[in-house]
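Biologist: Mind walking me through this one? I'd like to talk about its pockets, its helices and how far to trust the model.

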Amino acid sequence: AGEYQPELDKSEQWNRGAYIAEAMGHCAECHTPRNRFGTLNPELAYAGTRDGPDGELVPNITTHQTTGIGRWDHDELREFLKFGELPDGEYAAGSMDPVIEGIRHLTPQDLEALIIYLRALPPIDNKISG
């Protein structure tokens with residue numbers, strides 16, 4: 001709520017990435033499970049959910065090595081954000097399609113900032129499967 005306040009102990013790029021992910025992109029809205037009252041569960045921020053928009057599974061995008069994107073390298077994350085291509089050659093689908101369409105229009109500097117922010121998310125073990 002309110003105006004974005006940068007974290008002073010973080011880099012300018014990290015703060016720009018946080019602003020893009022949290023204020024502009026609202027990534028947590030889909031990638032964070034909600035409690036029984038419909039509010040985001042901050043303990044599982046960005047850890048994915050089985051109950052995403054239209055009942056979709058929404059993946060864990062924390063840096064967890066097995067249930068998140070922790071094994072993705074910098075270039076793989078950039079390719080995903082620009083083109084929707086996953087490291088295994090599959091493509092994003094469903095509600096993520098229009099998100100990728102928007103992200104691909106970020107400046108190279110803003111895309112880099114978003115990647116830096118996402119790669120700094122703490123790992124949370126939260127396997128999402130149907």
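Biologist: By class, how many residues in the lining of the largest pocket are nonpolar, polar and charged?

Modeller: Keep in mind that this is a predicted model. The largest pocket has a volume of about 1100 Å³, and 42 residues line that pocket. Split by class, the lining comes to 26 nonpolar, 11 polar and 5 charged residues.

Biologist: Which elements give two or more residues to the lining of the largest pocket?

Modeller: Start at the middle: among the lining residues, the closest to the centre of the largest pocket are His31, Pro59, Ile61, Phe80 and Met96. His31 falls in the range of α2 (27-31), Phe80 in that of α3 (74-83) and Met96 in that of α4 (96-103). The full set giving two or more residues is α1 (12-24), α2 (27-31), α3 (74-83), α4 (96-103) and α5 (108-119).

Biologist: And the second largest pocket, which residues are the closest to its centre?

Modeller: That one holds about 230 Å³ of space, with a lining of 12 nonpolar, 3 polar and 2 charged residues. α1 and α2 each supply at least two residues of this lining. Of the 17 residues that line the second largest pocket, the closest to its centre are Glu22, Ala28, Ala45, Tyr46 and Tyr117.

Biologist: Are α3 and α5 parallel, antiparallel, perpendicular or oblique?

Modeller: Two packed helices are described by the angle between their axes and the distance between those axes. Here the axes of α3 and α5 come within 10 Å and cross at roughly 120°. Perpendicular stops at 115 degrees and antiparallel needs over 145, so α3 is oblique to α5.

Biologist: Is that crossing left-handed or right-handed?

Modeller: Same pair, so we're still on the axes that cross at roughly 120°. As α3 passes α5, the crossing is right-handed.

Biologist: Where in the chain is confidence lowest, and where is it highest?

Modeller: Overall, the chain averages a pLDDT of 94, and 98% of the residues score at least 70. Going by element, the lowest is α4, at a mean of 92, and the highest is α5, at 98.

Technical notes: Residues numbered from 1 in each chain as written. Predicted model: local features only at pLDDT ≥ 70, side-chain atom pairs only at ≥ 80, totals over all residues. Heavy atoms only, no water. 1 Å grid on protein atoms, 1.4 Å probe; cavity = no way out; pocket = protein on both sides within 12 Å on 5 of 7 lines; lining within 4 Å. Points joined across faces, edges and corners; volume = space filled by probe spheres on them. Helix = DSSP H or I, 4+ residues; strand = E, 2+ residues; numbered from the N terminus. Nonpolar A, V, L, I, M, F, W, Y, C, P; charged D, E, K, R; others polar. pLDDT = per-residue confidence, 0-100. Axes fitted to C-alpha atoms, helices over the stretch in contact; angles between N-to-C directions. Parallel < 35°, antiparallel > 145°, perpendicular 65-115°, else oblique. Left-handed = near helix turned anticlockwise from the far one by under 90°.
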